[in-house]
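Reader: I have a structure open and would like to go through it with you. Could you take my questions one at a time?

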Amino acid sequence: MSPRGRIGPALWAMIALNYSLVLGPILVVVVAAFSPTDFFVFPPPGLSLRWFRAFFELDNMRGAFLLSIQVACLAASIATVLGTFAAIHVGRRRGAGAGLLQSVFMAPLVFPTIILGLALLLVFRTVGIPVLPGIVLAHIVVGLPYCFRSVLTSFQSFDPALEEAAQSLRASPLQTFLRVTLPLIRPGVLTGWLFAFIVSFGELNTSLFLTGPGYVTLPIEIFSYLQFEGGQLVVAAASTVQVALIVVLVLAVERLVGLGRVVRG
Amino acid sequence: MTPVMRAEGNILLPVFAAASRSALLLPPLALLVLFFLTPLLYLFFVSFHAPSQSDLFGEGLTLGNYLRVIGDSFFLTIIERTMLTGALVALICLAIGYPAAFAIARMPPRHRLVALLLLLFPLMVSNVIRAYGWVAILGRRGVINSTLRNFGVIDLPLDLMFSTATVAVGLLTILLPYMIISLANSIAAIDPHYEEAAQSLRASPVRTFFHVTLPLSAPGMTSGLMIVFLLTLSAYVTVSLLGGPRTKMLVSLVFDSVVAFAWPRAAAFAFILLALALGVALIVPAVLRPGRVRGLG
């Protein structure tokens, strides 16, 4: 099909190498989670759900899992609203200002987030912001670029004449937004929310500094468990729960908007 | 409705719309100013203070936190290791990722989509899980050791964890998708006419690749190298899980200082890390000059 020639066996071998390096470790964790044994034996002698039971019976793990879901929902929702505001403004703007604003809103994406975590910790300590709002605020900042970019992509195929038509029919700006603009950028808004949720749910670097006693997110709980506890197969189960949740969300994106736009956007 | 009324509406509404559009910009900008820009400026400010027993930082300005790092060979060794590991990981990602990206760019669109999604999915999985995957493979009771023992190849488990090489392998596989996605998009964007022209001038496929495809993929190489290198700098969890207590990187120094409540020192390490990141972000494009591809520079 391609005018550029076929993919030879050497290239297929390189594809196999790359994908096994990237996906292999995740696969091992998922397989290990179903171990019936006390420690990971490869290949596993059978399958069991005992480590998933153990995961939900551990108060710390279950609490961290529920907290992570709540934080991710809240942070993703606020980041989506703010990212959509920013994208609506930037999407209509022309000239140098648009480019500048675009890099401002994308900045948290390329910034070393562990430093952002440290900086926020110092500010929160000085001003006196409690742990939980602090984590949510950090996750909003980290998620904002994903929402912004996703909604902005929707604007590239957006015909401003539709809004002008609504306004010439005397729709108020709010009506125009709710009845015309929002339905058109809906796929971008949904994708942005799901991405911000996934990013928050797996976020490590800012959370490392910002979680505190009683408020530990699942990735941080997994990390401290790996550092300080012996039985690691509970961690494999916790990880598999997280991977499963991501798979469900990715399938949701596929059902709602199609995955093609995610890769291109 | 008379034509006159409609005309009035057309004149006034865009003014309101423009005003409300500017108002939209305020909340997201306020978020970034309050919880991104201000904290970083504050951190920079803190880095110029002496430590304090009771407060976050002591009184009076000092360069001491930075000078201590420059004068201490222990810190300099760690910084050197950080930079070498980052450069090595980025270059190996480029070397092994390029052939895969090249193949992906040549797939029919449907297959390319699946191939890219299989790389996007691992990026969504938390890095702590992906690093743990390597613990499960390389650890004393991991896949490699238990398999070798089952087959009677070894009696005692091999020591595969807690070295710079382990950290590099972990970082490499965690960050590889960024490199491949960025290369594949860049290679796919190359106008096929250039390659056809080279071949019609009787250039061999190898010559075409090195004289046409490779130079034209400079934008993908630049962004891939930059993303991978920058992300190695702040990968504390991977470094800590795979490197153990002995293989420290610059980011471990930031973390250790925070644990010791040495806030000004942590701030100084953070800004040294940022300065190195900025240096990389300037050097890589200066060497590869991706602007040439678009006829700039």
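Reader: How many disulfides are there over all chains?
Author: Bear in mind that this is a predicted model. A disulfide is a covalent bond between the sulfur atoms of two cysteines. To be counted, a pair of cysteine sulfur atoms must lie within 2.5 Å. By this rule, the count over all chains is zero.

Reader: Why does Cys73(A) have no bond to the closest cysteine sulfur?
Author: The closest cysteine sulfur to that of Cys73(A) belongs to Cys147(A). Seen from the other side, the sulfur of Cys147(A) has its closest cysteine sulfur in Cys73(A). The two sulfurs are too far apart for a bond because the distance is 13 Å.

Reader: Which of these is Cys147(A), buried or exposed?
Author: Buried means under 20% relative accessible area. For comparison, Cys73(A) has 31% and is partly exposed. Cys147(A) has a relative accessible area of 0%, so this cysteine is buried.

Reader: Moving to chain B, which residues form a nonpolar patch with Val33(B) on the surface?
Author: Let's start with one member, Leu37(B), which sits in helix 1 of chain B, residues 3–46. Its relative accessibility is 45%, so Leu37(B) counts as partly exposed. The patch has about 270 Å² of accessible area together, and the residues that join Val33(B) in it are Leu37(B) and Leu41(B).

Reader: What is the area buried between chain A and chain B?
Author: On the chain A side, 86 residues are in contact with 90 residues of chain B. Salt bridges between the two chains come to zero. Carbon and sulfur atoms give 80% of the buried area, which is about 7900 Å².

Reader: How many helices does chain A have?
Author: Along the sequence, chain A reads α-α-α-α-α-α-α-α-α-α-α-α. Strands number zero in chain A, and the helices come to 12.

Reader: What share of the contacts in chain A join residues at least 24 apart?
Author: For the setting, the C-alpha trace of chain A spans about 70 × 60 × 30 Å along its principal axes. The contacts that enter this share are those between residues at least 6 apart in sequence. Among them, the share joining residues at least 24 apart is 72%.

Reader: And what percentage of the residues in chain A are buried?
Author: Chain A has an accessible surface of about 11700 Å², with 66% of that belonging to carbon and sulfur atoms. A residue counts as buried when its relative accessible area is under 20%. Of the 265 residues in chain A, the buried ones make up 52%.

Conventions. Residues are numbered from 1 along each chain as its sequence is written. Chains are lettered from A and ligands numbered from 1 in the order in which they are written. This is a predicted model: local features need pLDDT of at least 70, side-chain atom pairs count only at pLDDT 80 or more; totals for chains, interfaces and linings use all residues. Side-chain values use heavy atoms; hydrogens and water are left out. Buried means under 20% relative accessible area, exposed over 50%, partly exposed in between (1.4 Å probe, protein chains only). Patches are made of residues with over 30% relative accessible area and no salt bridge: like charges are joined within 9 Å, nonpolar side chains (Val, Leu, Ile, Met, Phe, Trp, Tyr) within 5 Å. Accessible areas come from the Shrake-Rupley method with a 1.4 Å probe; for residues, only the protein chains shown count as cover. A salt bridge is a side-chain nitrogen of Lys or Arg within 4 Å of a carboxyl oxygen of Asp or Glu. Helices (H or I, at least four residues) and strands (E, at least two) are DSSP runs, numbered from the N terminus. Contact means heavy atoms within 4.5 Å. Buried area is the accessible area (1.4 Å probe) that two parts lose on being put together, summed over both.
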